[in-house]
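Student: I have a model open and would like to talk it through with you. Can we start with one side chain and work outwards?

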Amino acid sequence: MKSLYRKVLAIIFSAIFHGISLLMVILTLHSFVLTLYSDGTAELIAVLLKAINTLVIALAMFELGIGVGKEYTNSEEGNIYRDIRRTITRFVGTVTIALVLEGLIMIIKYSQLDMAGNLIYPILVIVAAAILLVGLGAFLHLSKTSSHEHNKAN
């Protein structure tokens, strides 16, 4: 009964994450198409940058949906440490890319608007992405030992 409950909730959450991801892609494409038919090239560049950012976030949601679905609905007992490492690496990697892109977009926007005083915010976002990447590296290094020990025990 507990296993069925976990699987049903995993499927529901996975579907929610996939639905949000798909909705973000559709809305981004809609916004992009509407901007193509308007007259502003400056507006087109802003929409392109926003579209890239939104699509990377949609990819992160998609990866999260896959991870949740695979983690909780997989009935076969494989190498759980390897699967968790792979899922976390893909998700954190995607989030890091989203953060770096957001920081770069903010730098470009603030530079174009002569708002150099606000450049601290995108710099902090990029530093946060770097810290997240270092944390991922530490996690992979520390979990490598655990996965090797788990493989030897089996």
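Student: Which backbone oxygen lies 2.8 Å from a polar atom of the side chain of serine 143?

Tutor: That is the backbone oxygen of phenylalanine 139, and please keep in mind that we are looking at a predicted model. A polar atom of the serine 143 side chain also lies 3.4 Å from the backbone oxygen of leucine 140.

Student: And what does the side chain of serine 143 make a polar contact with, among other side chains?

Tutor: The side chain of arginine 85 makes a polar contact with the side chain of serine 143, at 3.1 Å. Arginine 82 can be placed relative to serine 143 as well, since their C-alpha atoms are 9.1 Å apart although their positions lie 61 residues apart along the chain.

Student: Where does serine 143 lie, and in which helix? Is serine 143 buried or exposed?

Tutor: Serine 143 belongs to helix H4, which covers residues 120-153. Serine 143 counts as buried because its relative accessible area is 11%, and the cut-off for that class is under 20%.

Student: Let's step back, then. How many helices and strands does the protein chain have?

Tutor: The protein chain has four helices and zero strands, so that DSSP runs read in order along the sequence give the pattern α-α-α-α. Of its 154 residues, 24% count as buried.

Student: What share of the contacts between residues at least 6 apart in sequence joins residues at least 24 apart?

Tutor: In the protein chain that share is 74%. As for the surface, the protein chain exposes about 10400 Å², with carbon and sulfur atoms supplying 71% of that area.

Student: Switching to helix H2, what is alanine 60 in contact with, leaving aside its neighbours within four places in sequence?

Tutor: Alanine 60, whose place is in helix H2, is in contact with Phe91, Thr94 and Val95 once those neighbours are set aside. The C-alpha atom of alanine 60 is also separated by 8.3 Å from that of alanine 98, a residue 38 places away along the chain.

Student: Is alanine 60 buried or exposed?

Tutor: Alanine 60 is buried, because its relative accessible area comes to 8%.

Student: What about threonine 54, which residues does it touch?

Tutor: Threonine 54 is likewise placed in helix H2, and it touches Met24 and Thr28 when residues up to four places away in sequence are not counted. Threonine 54 counts as buried because its relative accessibility is 19%, with the limit set at under 20%.

Student: One more topic: how much space lies in the second largest pocket, and which helices each supply at least two residues of its lining?

Tutor: About 200 Å³ of space lies in the second largest pocket. Helix H2 (41-73) and helix H3 (80-112) each supply at least two residues of the lining.

Student: How do the lining residues of that pocket divide into nonpolar, polar and charged?

Tutor: The lining of the second largest pocket has six nonpolar, two polar and three charged residues. Among the residues that line this pocket are Ile45, Leu49, Lys50, Asn53, Glu102, Ile105, Lys109 and Gln112.

Conventions
Residues numbered from 1 in each chain as written. Predicted model: local features only at pLDDT ≥ 70, side-chain atom pairs only at ≥ 80, totals over all residues. Heavy atoms only, no water. 1 Å grid on protein atoms, 1.4 Å probe; cavity = no way out; pocket = protein on both sides within 12 Å on 5 of 7 lines; lining within 4 Å. Points joined across faces, edges and corners; volume = space filled by probe spheres on them. Nonpolar A, V, L, I, M, F, W, Y, C, P; charged D, E, K, R; others polar. Buried < 20%, exposed > 50% of the residue type's maximum accessible area, 1.4 Å probe, protein only. Polar contact = N/O pair within 3.5 Å; in protein donor to acceptor, adjacent residues only side chain to side chain. Contact = heavy atoms within 4.5 Å. Areas by Shrake-Rupley, 256 points an atom, 1.4 Å probe, with all protein chains shown as cover.
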